[in-house]
Amino acid sequence: MTSFVGKVAIVTGAAHGIGQATARLFAGDGIKVAVLDIQDELGERVVEEIRAAGGDAFYRHTDVGRHEAIRQAVEETEARWGRLDIVVNNAYWSKRGTVEELEEAEWDRSMEVMLKAIYLMGKYAFPAMRRTGGGAMVNLASIHGFAAARRYGVYAAAKAGVINLTRAMAIDYGKHNIRVNAVCPGWILTYGAPDNPMVLRRTEAIYPLGRAGQPEEVAKAIRFLVSDDASFVTGHALVVDGGLTAQLQDTVAEAVSQVFTQLNSALDSSLRLLLNKGAGA
């Protein structure tokens, strides 16, 4: 089993969701964690939880789409702990809309946080990793990087870019003993995810595992990719989606049809019950 004790990691977007789960998991393995986010209260809380459990972490307010913010975060991490071994680029900002509906500023902000930030992190983190003797980076892509959804073009474009940038970085930095991979989650029940029973029911039907994923499940995939157990894995986009993208369209259509059949049956039963009550009155 890989020993992480003494290693140092940066996790962006670590105030909640997948980033938070990853920071906690890393800290439990003995990794020192720099928690980067712009949600200060939540980020500080993550650090407090890690320290209370005996781990070592600090929080830094970091807008990952800004050049100086990334440079300063990497420098502070290396100055504090003397090395940098792991980076997880998880920060997210996006907005739904067609290309007509989206404002240019919204497109630019999405690309800054989800794609440009990875370029900026590599620019400063890779030299620090070389000084350490190597390292591992994991970039959060998505199954949206392989297929698109309605009114979510900027997200699909950014995540597809993440996948190919990951491959390019892996090629360029493998000679420095730096591995670069991506994870591509399906629907994960993170902070702010819809709790609509109908949406959850549909997800249970469509996903082969019968449910949406949990942040901790993606975090464990990330931990594998940065571990020595994945020492010959680089340039890979690991899909973590409960089997969603393994299906052909007829399987999905059948699952959705079953949901509607069940809902119609439940509705008919409810109507009959109401009618019977009315007749009895």
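## A tour from pocket to strand to helix

Start at the second largest pocket, which has a volume of about 210 Å³. Keep in mind as you go that this is a predicted model. To see the pocket's centre, select K7, G134, G135, N177 and D228, which lie nearest to it among the 15 lining residues. Colour the lining by character and you will find 3 nonpolar, 7 polar and 5 charged residues.

**Stop at N177.** Keep this pocket residue selected and look at its backbone. N177 sits in the loop that links α5 to β6 (178-185). Its phi is near 65°, a positive value in a residue other than glycine. Most residues other than glycine have a negative phi.

**Next, select R151.** Here is another positive phi in a residue other than glycine, this time near 55°. R151 belongs to the loop between β5 (135-140) and α5 (153-173). Is R151 buried or exposed? Neither label fits: R151 is partly exposed, because its relative accessible area is 41%, between the 20% and 50% cut-offs.

**Now go to strand β1, residues 8-12.** Why can β1 be called largely enclosed by the rest of the structure? All 5 of its 5 residues are buried, so the surroundings cover it. Show the side chains to see which way they face: V8, I10 and T12 point to one side of β1, while A9 and V11 point the other way, and all of them are buried.

Which strands pair with β1? Add these two to your view:

- Strand β2 (residues 32-37) pairs with β1 in the parallel sense, over 5 bridges. To find one of the contacts between the strands, select V8 and its bridge partner in β2, K32.
- Strand β4 (residues 86-89) also pairs with β1 in the parallel sense, over 3 bridges. Here, select I10 together with V87, its bridge partner in β4.

**Bring in helix α1, residues 17-28.** Show it together with β1 and β2, and you have a right-handed β-α-β unit.

**Finish at A21.** This residue is in helix α1. A21 counts as buried because its relative accessible area is 7%, under the 20% cut-off. What does A21 touch? Leaving aside residues up to four places away in sequence, its contacts are P215, E216 and A219. For a last look, draw a distance between the C-alpha atoms of A21 and P215: they are separated by 5.9 Å, although the two residues are 194 residues apart along the chain.

Key. Residues numbered from 1 in each chain as written. Predicted model: local features only at pLDDT ≥ 70, side-chain atom pairs only at ≥ 80, totals over all residues. Heavy atoms only, no water. Buried < 20%, exposed > 50% of the residue type's maximum accessible area, 1.4 Å probe, protein only. Helix = DSSP H or I, 4+ residues; strand = E, 2+ residues; numbered from the N terminus. Pairing = 2+ DSSP bridges. Right-handed = clockwise from strand over helix to strand, strands pointing away. 1 Å grid on protein atoms, 1.4 Å probe; cavity = no way out; pocket = protein on both sides within 12 Å on 5 of 7 lines; lining within 4 Å. Points joined across faces, edges and corners; volume = space filled by probe spheres on them. Nonpolar A, V, L, I, M, F, W, Y, C, P; charged D, E, K, R; others polar. Contact = heavy atoms within 4.5 Å.
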